[in-house]
Amino acid sequence: MQSSRIYTDFNPEIAWIRREVEGLVGSLDPSVQPRARFYTEVRLKVIPGRGVTWQIDQGMGRMLPYVAFWLADALGLANMRLRRLGGLSLVLSAITTALRDDIADVDSANNPEMVRLEQCWAGSYAETMRELFPAEHQFRKVMLSAEAECKRYERWQSTPLPNAHPRPFSAGFLRESSRATVACILPPLIAIAYAARREEDIPRIRRFLWEYSMGWRISDDLMDWEEDIVAKEMNRSSVLVYVGDWVGRARTVDRFDVLSCFLSDRFAEDAYGTIIGYMSKARKIVSGFGSPYLDQFMEEEIGFQTHKRDLLIRSGKLTLSDLNEGLARVLGPVKRRALPPKRRSQG
Amino acid sequence: MVTVGARNFLVKVNTNAAYRARFIKDPIKLLASEGITLSAEDQTELLEVIDAFRGSLPNLGTLPKGYGAVISAVQKVPSKKRHRRGKGELTPMFLP
């Protein structure tokens, strides 16, 4: 829940991050400020904008930037400035990633403004991250690794999918489609582990993030499918690839194909069952930190997804039941008119 | 042309997502392909049923906007056709 203590305990940190981001936007060249405001106020909802209403489900968990504070707390990072820098670096990483994604989607040669903006945010991100690392070589290693992961993701995204069943809810597919998310979130979390002198916890952090991200990938695709359906290669949406496989048309699914699949219990069980499965693994991994914040976050996420699955199944049954009533009303006379083959041949 | 009974058709609509999608897109054409022909009056009523169905399809894209509330707000109201035909059907209506 948005009003849960796992969020409200960090209100001062959020206020600090907002001031920092506002300051960064204000320091940009005036020509790119409107676009910067779009990314910080609308696209990523960092700063409440004038006249912008955010539609956020109160039950949906918000990992960014809170996971930085939860992890810093779990690892005993007492330095408040470093904790805040951890949260800020997550926000800057998210803005940079969003811009990078959008640049990849459009012709960047025609959008030099977006490229300049991405470079500005990437510079601020790197600068903030550098402050968290005790040594330059650690910083370099983490940033280079994230860059390599981003490039690997971009290669995967630009390579056409094979026509044979790609199994979009499989670990293999979800690992590839989650790579950019992990590359966005993991570096600041590793930085926090270094800042807390807890490098030995990095493998656990990495495993937790991978499991969570693979579940979250499907959840995000479920919410964004209407945007993805008109995007190039359907944005590699796991949900749309699943629907395409189901209806037997790999790359040409339409709105009614998707909505029709949503009515099936099997779809709800497959999609949400996979989400809940990965999130349960993430919960188990993160429980090793003994953090009440991280534990509660995972509990709430699993509860939320379970609730959504049950709602979808209930809603599907109700909608089909109404359709059946309507069809029975219309098709009733057909039963009497359409003669079975046997009787027809006798006649 | 192979004719299937309305019951078999309903089973397919309920269990086969791809078939259901084809039906949602063009119900008259699909029924015709199954050998089921409808009178003009029944075709009109079928299109009304399908329009209502299309409008009530659960859409996960809008789930974060109070999906639970929408489901609990489903109202069962008697339709005019119910009284005309006397079959006891109820029409769903989603409140805004």
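# Exercises on a predicted two-chain model

The buried residues of helix 10 of chain A are covered by, among others, helix 8, helix 9, helix 11 and helix 12 (265-286) of chain A, together with helix 2 of chain B. The model is a predicted one, in which local features need pLDDT of at least 70 and side-chain atom pairs count only at pLDDT 80 or more, while totals for chains, interfaces and linings use all residues. Residues are numbered from 1 along each chain as its sequence is written, chains are lettered from A and ligands numbered from 1 in the order in which they are written, and side-chain values use heavy atoms, with hydrogens and water left out.

## Exercise 1: the make-up of chain A

Determine how many helices and strands chain A has, and what share of its residues is buried.

Step 1. Chain A has 14 helices and zero strands, where helices (H or I, at least four residues) and strands (E, at least two) are DSSP runs numbered from the N terminus.

Step 2. Of the 347 residues of chain A, 53% count as buried, and here buried means under 20% relative accessible area, exposed means over 50%, and partly exposed lies in between (1.4 Å probe, protein chains only).

Step 3. Among the contacts in chain A with a separation of 6 or more, 72% come from residues 24 or more positions apart, a contact being heavy atoms within 4.5 Å.

## Exercise 2: helix 10 and its surroundings

Find out which residues of helix 10 of chain A are buried, and describe how this helix meets helix 11 of chain A.

Step 1. Eight of the 10 residues of helix 10 of chain A are buried, so that the helix is mostly covered. The buried residues are Ser238(A), Val239(A), Leu240(A), Val241(A), Tyr242(A), Val243(A), Gly244(A) and Val247(A).

Step 2. Two packed helices are described by the angle between their axes and the distance between the axes. For helix 10 (residues 238-247) and helix 11 (residues 255-262) of chain A, the axes come within 10 Å and cross at roughly 90°; such axes are lines fitted to C-alpha atoms, for helices over the stretch in contact, and the angles run from 0 to 180 degrees between N-to-C directions.

Step 3. Helix 10 of chain A is therefore roughly perpendicular to helix 11 of chain A, since angles of 65 to 115 degrees count as roughly perpendicular, those under 35 as roughly parallel, those over 145 as roughly antiparallel and the rest as oblique.

Step 4. On the side of helix 10 of chain A, the contact is made by Val239(A), Leu240(A), Val243(A), Trp246(A) and Val247(A), and on the side of helix 11 of chain A by Asp257(A), Val258(A), Cys261(A) and Phe262(A). By class, this contact of helix 10 with helix 11 of chain A has eight nonpolar, no polar and one charged residues, where Ala, Val, Leu, Ile, Met, Phe, Trp, Tyr, Cys and Pro count as nonpolar, Asp, Glu, Lys and Arg as charged, and the others, Gly among them, as polar.

Step 5. After helix 10 of chain A comes Gly248(A), whose phi is positive, near 80°.

## Exercise 3: a second pair of helices

Describe how helix 6 and helix 8 of chain A are arranged, and which residues meet.

Step 1. The axes of helix 6 (residues 112-132) and helix 8 (residues 171-195) of chain A come within 8 Å and cross at roughly 25°, and these two helices are therefore roughly parallel to each other.

Step 2. Tyr125(A), Met129(A) and Leu132(A) of helix 6 meet Cys184(A), Pro187(A), Pro188(A), Ala191(A) and Ala195(A) of helix 8 of chain A. This contact of helix 6 with helix 8 of chain A has eight nonpolar, no polar and no charged residues.

## Exercise 4: positive phi in two loops

Classify Arg197(A) and Asn235(A) as buried, partly exposed or exposed.

Step 1. Arg197(A), in the loop between helix 8 and helix 9 of chain A, has a phi near 55°, a positive value in a residue other than glycine. With a relative accessible area of 59%, Arg197(A) is exposed.

Step 2. Asn235(A), in the loop between helix 9 and helix 10 of chain A, has a positive phi of about 55° although it is not a glycine. With a relative accessible area of 27%, Asn235(A) is partly exposed.

## Exercise 5: confidence in chain B

State what the mean pLDDT of chain B is, and where its elements reach the lowest and highest values.

Step 1. The mean pLDDT of chain B is 64, and 56% of its residues reach 70 or more, pLDDT being the predictor's confidence in each residue, from 0 to 100.

Step 2. Among the elements of chain B, strand 2 (residues 90-93) has the lowest mean pLDDT (22), and helix 2 (residues 17-25) the highest (91).
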